[in-house]
Amino acid sequence: MTDISLADAEPADITGLADAFRDWPKPAALFEHYLDERRAGRIDVLVARRDESPAGYCLIIWESAYPPFREAGIPEISDLNVLHAHRGAGLGRRLLDEAERCIATRAGTAGLRVGLYADYGIAQQMYARRGYLPDGRGVSIDGEPVPPGTMIALDDEPVLALTRALR
């Protein structure tokens with residue numbers, strides 16, 4: 001039987017996360033930065049393990065860099081990643097469940113931003129099924145709205161912001 005668990009990230013997780021996500025690439029320095037931010041109280045880092053090995057993670061950013069979320073006091077779920085080999089086991093759903101549970105202790109709404117191209121399709125569908133709705137501000141890059149008629153590269157930078165009421 002497969003054992004799935006969720007926990008807050010600890011310093012001992014850095015090597016395992018960096019090894020598990022080396023092909024993405026997400027180096028140990030990134031996870032060290034996340035833990036520094038966690039120690040400072042700016043974020044929480046949730047790690048999903050399957051059979052005791054890191055299989056996914058996500059962040060809760062308590063004060064979002066996205067101005068509409070920050071101004072409204074909406075924490076942001078960010079960098080939700082599940083390794084390809086572990087998809088379909090409900091890890092993304094469980095990470096979101098726990099992130100929303102944590103956010104609900106401090107705020108009534110959760111926010112997130114999602115990429116626009118097909119690699120984000122599974123996430124887009126999952127967020128829609130959970131009731132996340134666009135915030136009505138359209139596509140943004142680095143938190144700034146993209147004006148109509150602007151030519152942009154469809155990479156990881158253009159995103160759509162979504163929110164969901166938690167209570």
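Here are a few friendly notes on the helix, cores and strands of this predicted model.

1. Ground rules first. This is a predicted model in which local features need pLDDT of at least 70 and side-chain atom pairs count only at pLDDT 80 or more, while totals for chains, interfaces and linings use all residues. Residues are numbered from 1 along each chain as its sequence is written, and side-chain values use heavy atoms, leaving out hydrogens and water.

2. Helix H4 (helices being DSSP runs of H or I, at least four residues; strands, runs of E, at least two; both numbered from the N terminus) covers residues 91-104. Its 14 residues should span 20 Å at 1.5 Å a residue (times one less than the number of residues), and the end C-alpha atoms are 20 Å apart, which agrees.

3. Buried residues of H4 (under 20% relative accessible area, 1.4 Å probe, protein chains only) include Leu91, Leu95, Glu100 and Ile103. They lie on the same side of H4, because their arc around the axis is only 165° (taken from the directions from the helix axis to the C-beta atoms).

4. The largest nonpolar core (buried Ala, Val, Leu, Ile, Met, Phe, Trp, Tyr and Cys joined through side-chain atoms within 4.5 Å) has 23 residues, with Leu96, Ile103 and Tyr127 among those touching the most other members. H4 gives the largest share, six residues.

5. Strand E2 is mostly covered, with six of its eight residues buried. E2 runs antiparallel to E1, through five bridges, and also antiparallel to E3, through eight. Leu6 has Ala48 as its bridge partner in E2. In the hairpin of E2 and E3, Asp51 takes a positive phi near 55°.

Terms used:
Buried < 20%, exposed > 50% of the residue type's maximum accessible area, 1.4 Å probe, protein only. Pairing = 2+ DSSP bridges.
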